[in-house]
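Trainee: I'd like a close look at one part of this model, the enclosed space inside it. Could you take me through it and what lies around it?

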Amino acid sequence: MSTFFKNFKYFSKLPFIFTLIISIVVGTFSALTGAIDLMSEHKRHPHVSCERVLFLGAFARSQGITTDGESYYFSSKCSLIKTELDGVTRLSLNANAIPRELKDEYGSKHIGGISYYDGKIYVAIEDSKVWNHPIIALYDANTLDYTGEYYELPAENHEKGLPWVAVDAQNGCVYTAPRDHSPCLIVYSLENMEFIKEIDLSERIHKIQGGEVHGGYLYTATDDETQAVFKTNVKTGETVKLFDRNLTSGSEGEGLTIFLTQDGSFIHTLDMGPLFINANIRHYKEIAN
């Protein structure tokens, strides 16, 4: 319940009857979503910890996740939010993040995965269900304001849109991939988003929703049948499945970020419950392979 109330600054000032009603409603849905999540406990890959966010908080955390090591950033289909490392306490919000110029010129209407680099958030944007204009747009990581900088990628490389983007600062590039049964990574220059090359994957990855680079590896999270998490050597394309999230039926596996926290968590994923009123931020230890 506390994760819900943190989003409402003036909650305590409401009349008692309204606070009571809200408390009952939130408590009921918190218990319900928790019970639904327990349905998959016997088969889910074990996480170290999990934050469950309800209602508007879940909507704002329904697509991508990234971090700068001090804060988390989340995306929804239309918004960006920055939080403390509890994943809940809001620091900044851009509730209507797709700029008018992209809407008017390209029909942009859907934000996907995001990635942090050098004070900027790299945001994957698409003209959903049309898929003629895959775009990477840059936002200020402090304010979440659009910087005015964007790049349109070749549509032929992204037949069914641009669900995610991952920055590889060490190698001066960004990675994307075809959406369905991806046979390769598509590599663009970090400087100007010019196409560089493709990296063949040793194992196809289906429906990647988010990715992050760490230590020469690209970690990706999917919305395939088991909501799997993969690890790819970006030099060789060698790909291994780390684990299946195995979420409750009807859930959607969303994005992923990489960050070693004090409790030993390393892989941090996002998913939506089957009722689409709660988002789960799950924290996993790295899997030896």
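Trainee: How much space lies in the largest cavity?

Mentor: About 50 Å³ of space lies in the largest cavity. Before we go around its walls, two notes on the model. It is a predicted one, in which local features need pLDDT of at least 70 and side-chain atom pairs count only at pLDDT 80 or more, while totals for chains, interfaces and linings use all residues. Residues are numbered from 1 along each chain as its sequence is written, and side-chain values use heavy atoms, with hydrogens and water left out.

The structure holds 1 cavity of 30 Å³ or more. A cavity here is a set of points, on a 1 Å grid over the protein atoms alone, where a 1.4 Å probe fits but cannot get out, and lining residues have an atom within 4 Å of a point. Points are joined across faces, edges and corners, and the volume is the space filled by probe spheres set on them.

Now to the walls. The lining consists of Thr 33, Ile 36, Asp 37, Thr 248, Ser 251, Asp 271, Gly 273, Pro 274, Asn 278, Asn 280 and Arg 282. Helix 2 (16-38) supplies at least two residues of this lining, and strand 20 (278-284) does too. (Helices, H or I of at least four residues, and strands, E of at least two, are DSSP runs numbered from the N terminus.)

Strand 20 leads us into a sheet. It belongs to an open sheet of 4 strands with the order 1-20-19-18 and antiparallel pairing, where two strands pair if DSSP finds at least two bridges between them. Strand 1 (49-54) and strand 18 (252-258) each have a single partner strand, so one side of each is left without a neighbour in the sheet. On average, neighbouring strands here are turned by 20° against each other, direction ignored; the axes behind such angles are lines fitted to C-alpha atoms, and angles run from 0 to 180 degrees between N-to-C directions. Strand 1 meets strand 20 in the antiparallel sense over 6 bridges, and Ser 49 stands opposite His 283 of strand 20.

At the other edge, strand 18 takes us to an open space. The largest pocket has a volume of about 520 Å³. A pocket, unlike a cavity, is an open set with protein on both sides within 12 Å along at least five of seven lines. Among the 21 residues lining this pocket, Gln 63, His 110, Lys 129, Gln 209 and Glu 252 are the closest to its centre. Strand 18 gives the most to the lining, with 3 residues, and both strand 6 and strand 18 supply at least two.

Strand 6, in turn, opens onto another sheet: an open one of 4 strands in the order 6-7-8-9, again with antiparallel pairing. Strand 6 and strand 9 stand at its edges with a single partner strand each, so each has one side without a neighbour in the sheet. The twist averages 25° from one strand to the next. Strand 6 is joined to antiparallel strand 7 by 6 bridges, and Tyr 117 stands opposite Lys 120 in strand 7. To finish the walk, the loop between strand 9 (146-152) and strand 10 (166-168) holds Pro 154, whose C-alpha atom is separated by 7.8 Å from that of His 133, 21 residues apart along the chain.
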